[in-house]
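Please load the model in your viewer, with the sequence panel open beside it, and follow the stops below in order. Each stop names a selection and then says what is to be found there.

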Amino acid sequence: MCIRDRFRFLQSFLTILLLILSYGTNAKNSITFEAPSIESKTGERATFLLLPIPNHEISLDNQFFLRENNKVIEATFRVINIWPGKKNSQSIRLLSIEIAPFQYYSKPLTLNWLRSDILQSLHQSHAIGGENHLVFPSNSWLAQSILLHPNTEADNAWYTAPQKKYANYITNQSLLSQKGYPRHKASQWLYDRPQALFQLYIMTGEVEWLIKADDVANFYTSNIDETGVFILKKRFDPKLLMPKGVLYQYLLRGNSEAKQALQRMFERSYDWDETYTLSRGFWTERNQAAALNVAVSYWELTNDDSALERINDIIDATVKMTFSPGNGWSLRGCPQHGFKSHEGWGDDSPTCSPWMMALLGDALWRFYQLTGDKRSASLIDAFGDFIINHGIYYGDKRVKNIVIPKYIVSITNPKQEELNQWTDPQHNCDIAALLGKSAYIKRKNNRDDFLVKTLFSTFLEQCVENYTRLKNSQKNKREKSHWVIKPPRRFGWMYSTTSDLPWLKHELLGDY
């Protein structure tokens, strides 16, 4: 027996031995997933399976083994990404599994892992090569890997069924062009359409949405130039930085171009100054949210110290505006800034925008999920109180007897407020999501959540009306496969920051 054969024999023996030991010590250290159907391409040297992993599930100090039934499959394992946190973070987030050019596997594949001090760990960060094929054991596992929402059995059909109707429209470029929205129209890319579509895939498991999300994400990143500017708009505009969809594309597809685009976006995002003074001019919660989202997303991919520093600077500036407002302004529970700074007209009295606070609240929520950051939790908590005390009004025209979220609150000069009972209800879902997050944090901190939870339920009820409309429309034999949504960017604000709604509905209201 030659040296090479002896080495392979020893390697196989150790593999089987470690597998036996793993069954005897911790049988939970395994997952099973369906092998994707892939045809080998001529000249293809390897197939890459991409496995996202929830936080604290698998640490770096593990050896991995892939098998079909009792047959061990030769594979190379590479850690592509770890969960962000302290520099000694050891929790794997993205694992690449390289196997021989794909053959048909009739049974699911099982991945085993075992902590071992005997064999030297080869885990380290690598660039992803070749075409990647997403694998995962369950939708719940995948959702937790992307940090979409906690594990739950809550029904989401009321949320995803109408979303699919709208998605069939906003992913059909022919239909959009007919309505005056060609693909190069910059405004329709606001509110992160790729993010909303990736989330639709995760929540339904329907591969068509993964493919369509990939398509729109590719278009978006292809229009991020070398300076981090979205080139469909002639000048840099922070609110057109849409990082979450780019982050998801990297975590679900291993797309290296997505990571590179996100780095350029992060570097350019410094053009937005997170600090506010009355004399600085333009400031909105939407731009603050965009800058924070970019920093958090880049930190998730890199664990970069500069990204974490940027996150802390933005949150600290927001805390100061909210809890220590300047200019002699009273404490209101929102990041107060001048009305003229926000709108470009009017006076310098303090103002806040409820639905832009929903965007900012979601960015804070992401960082809170990652770290348990108390500043972020306190801000989201306060935002819910602000909505109750200042951010709503009541319909008295065509939309009588409903609670409506304000677009903008002019705190000491309400004559400047713009109330539109026909368009303001379009933000019921995103305001509901902000209120739900606020109520959740209040409950977790043993604070009274009754009023915020009640208002959450009220806005949620209006949000669910889309599902009622869907059920009624299905009785019509001529029901279309798509629903038109105007403007198309509305799809983004309805569904990008609101994917937690089914879980929050279950968690806070106890119903499905």
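Begin by selecting N327, which sits in the loop between α10 (305-323) and β9 (337-338). Bear in mind throughout that this is a predicted model. The backbone of N327 has a positive phi of about 60 degrees, although N327 is not a glycine, and its relative accessible area of 46% makes N327 partly exposed. Most residues other than glycine have a negative phi, and most peptide bonds are trans.

Now go to a second asparagine, N69, in the loop between β3 (62-68) and β4 (71-73). N69 likewise is not a glycine and yet has a positive phi, of about 55 degrees, and with 44% relative accessibility N69 counts as partly exposed.

For one more backbone feature, select K486 and P487 and display the peptide bond that joins them: this bond is cis, with omega near -15 degrees. P487 lies in the loop between α16 and α17.

**The whole chain**

Zoom out and colour by secondary structure, which gives 18 helices and 13 strands in the protein. Of its 512 residues, 56% count as buried. If you draw a contact map, then among the contacts between residues at least 6 apart in sequence, 74% join residues at least 24 apart.

**Aromatic rings**

Next, show the aromatic side chains, among which the count comes to 22 aromatic pairs. A pair of aromatic rings is described by the distance of the centres and the angle of the planes. Select Y166 and W483, whose ring centres are 5.4 Å apart and whose planes stand at 70 degrees, so that the pair is edge-to-face. Because Y166 belongs to helix α3 (residues 157-170) and W483 to the loop between α16 (465-473) and α17 (490-495), the pair ties together parts that are 317 residues apart in sequence. Are these two residues, Y166 and W483, buried or exposed? Y166 is buried, and W483 is buried as well.

Widen the selection to W158, Y159, Y166, W483, F491 and Y495, which ring pairs link into a cluster.

Then move to W365 and Y368, both in helix α12 (residues 354-371) and 3 residues apart, about one turn of the helix. Both W365 and Y368 are buried.

**Two arginines**

While still in helix α12, select R366, which is buried, with a relative accessible area of 2%. Leaving aside neighbours within four places in sequence, R366 is in contact with R93, I146, L147, K244, L247, Y248, V296 and E300.

Follow the contact to R93, which lies in strand β6 (residues 92-99) and is buried, with a relative accessible area of 0%. Not counting residues up to four places away in sequence, R93 touches a set of residues that includes L51, N81, W83, L251, E300 and R366. To N81, 12 residues away in sequence, the C-alpha to C-alpha distance from R93 is 5.4 Å.

**Two helix pairs**

Two packed helices are described by the angle between their axes and the distance between the axes. Select helix α5 (residues 193-204) together with helix α7 (residues 243-253), whose axes come within 7 Å and cross at roughly 40 degrees; α5 and α7 are therefore oblique to each other. The crossing in which α5 passes α7 is left-handed. To see the contact, show P194, Q195, F198, Q199 and I202 in α5, which meet K244, G245, Y248, Q249 and L252 in α7. The residues of this contact divide into 5 nonpolar, 4 polar and 1 charged.

For the second pair, select α8 and helix α9 (residues 285-302), which pack at an angle of about 135 degrees with their axes 9 Å apart; α8 and α9 are therefore oblique to each other, and their crossing is left-handed. Here K259, L262, Q263, M265, F266 and S269 in α8 meet V294, A295, S297, Y298, L301 and T302 in α9. By class, this contact has 7 nonpolar, 4 polar and 1 charged residues.

End the tour at E267, in helix α8 (residues 256-269), which at 47% relative accessibility counts as partly exposed. The C-alpha atoms of E267 and Y298 are separated by 9.8 Å, and the two residues are 31 residues apart along the chain.

Terms used
Residues numbered from 1 in each chain as written. Predicted model: local features only at pLDDT ≥ 70, side-chain atom pairs only at ≥ 80, totals over all residues. Heavy atoms only, no water. Axes fitted to C-alpha atoms, helices over the stretch in contact; angles between N-to-C directions. Helix = DSSP H or I, 4+ residues; strand = E, 2+ residues; numbered from the N terminus. Parallel < 35°, antiparallel > 145°, perpendicular 65-115°, else oblique. Left-handed = near helix turned anticlockwise from the far one by under 90°. Contact = heavy atoms within 4.5 Å. Nonpolar A, V, L, I, M, F, W, Y, C, P; charged D, E, K, R; others polar. Phe/Tyr/Trp six-rings, centres within 6.5 Å; stacked < 30°, edge-to-face > 60°. Buried < 20%, exposed > 50% of the residue type's maximum accessible area, 1.4 Å probe, protein only.
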